[in-house]
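Hi everyone, thanks for coming. I'd like to walk you through a structure that may be new to you, so please have a look at the screen.

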Amino acid sequence: MNEEEFYEEVAARLDHLEGVPTGALFDLVTDRGACMWVAVGADEPDWTGDDATDRELAARICAGCPVRDECLELEFRTAGFATLGVWGALAEDDRRAAYLAWLLRREGGQR
Ligand code: SF4
């Protein structure tokens with residue numbers, strides 16, 4: 001699978017969440033997200049700014065998180081291209097590329 005196919009697959013995986021209200025997504029992610037300790041704990045991981053390293057870190061933090069898709073859907077709706085950090089198991093560059101694929105599916109690329 002090439003990168004473009006990967007991003008399209010990520011976007012397609014979120015189709016079932018299109019009708020879920022943003023507030024419900026927010027509640028789910030904040031209640032059940034595996035990383036919520038990161039925002040409040042002293043053990044926050046060191047983001048390096050290096051894509052490969054941050055991707056590895058994201059994969060470790062998000063592995064097994066029960067709300068990865070909801071997290072990504074929420075991030076696309078609320079941050080879009082302005083996204084920073086790691087959400088939904090994707091680092092910034094991957095998420096921006098997946099966001100484009102998501103936009104095309106949802107709004108024909110209009111936004
Ligand atoms: S997918 Fe990752 S960033 Fe999103 S809530 Fe889960 S652990 Fe946190």
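Let's start around the ligand, where two helices, α4 (51–62) and α5 (68–78), each bring at least two residues to the shell. Before going on, please keep in mind that this is a predicted model. How many residues surround the ligand? There are 14, and the closest are Gly 33, Cys 35, Cys 62, Cys 65 and Cys 71. As for the character of that shell, 11 of its residues are nonpolar, two are polar and one is charged.

Now step back to the whole chain. You can count six helices and zero strands, so to speak of its order from the N terminus is simply to say α-α-α-α-α-α. The protein chain has 111 residues, and 29% of them count as buried. If you take the contacts with a separation of 6 or more, 65% come from residues 24 or more positions apart.

Next, the core. The largest nonpolar core holds 22 residues, and those with the most contacts inside it are Ala 11, Cys 71, Leu 72, Leu 90, Ala 98, Ala 101 and Trp 102. Which helices supply at least two residues each to this core? They are α1 (3–13), α2 (22–32), α5 and α6 (92–107). You may recall Cys 71 from the list of residues closest to the ligand, and here Cys 71 turns up again in the core. Leu 72 is worth a look too: apart from its neighbours within four places in sequence, Leu 72 is in contact with Leu 14, Trp 87, Gly 88 and Leu 90.

Let me finish with α6. Its 16 residues should span 22 Å at 1.5 Å a residue, and the end C-alpha atoms are 21 Å apart, which agrees. The buried residues in α6 are Asp 94, Arg 95, Ala 98, Tyr 99, Ala 101 and Trp 102.

Let's zoom in on one of them, Tyr 99, which sits in helix α6. Why does Tyr 99 count as buried? Because 22 other C-beta atoms lie within 10 Å, and the cut-off for buried is 20 or more. Leaving out neighbours within four places in sequence, Tyr 99 is in contact with Phe 76, Gly 80 and Phe 81. Phe 76 is 23 residues away from Tyr 99 along the chain, yet their C-alpha atoms are separated by 6.2 Å.

One last stop: just after α6, Gly 108 takes a positive phi of about 60 degrees. Thanks for listening, and I'm happy to take questions!

Note on methods
Residues numbered from 1 in each chain as written. Predicted model: local features only at pLDDT ≥ 70, side-chain atom pairs only at ≥ 80, totals over all residues. Near = placed C-beta within 6 Å. Helix = DSSP H or I, 4+ residues; strand = E, 2+ residues; numbered from the N terminus. Nonpolar A, V, L, I, M, F, W, Y, C, P; charged D, E, K, R; others polar. Buried ≥ 20, exposed ≤ 12 C-beta atoms within 10 Å, placed from the backbone. Contact = placed C-beta atoms within 7 Å. Core = buried A, V, L, I, M, F, W, Y, C linked by C-beta atoms within 7 Å. Expected span 1.5 Å × (residues − 1).
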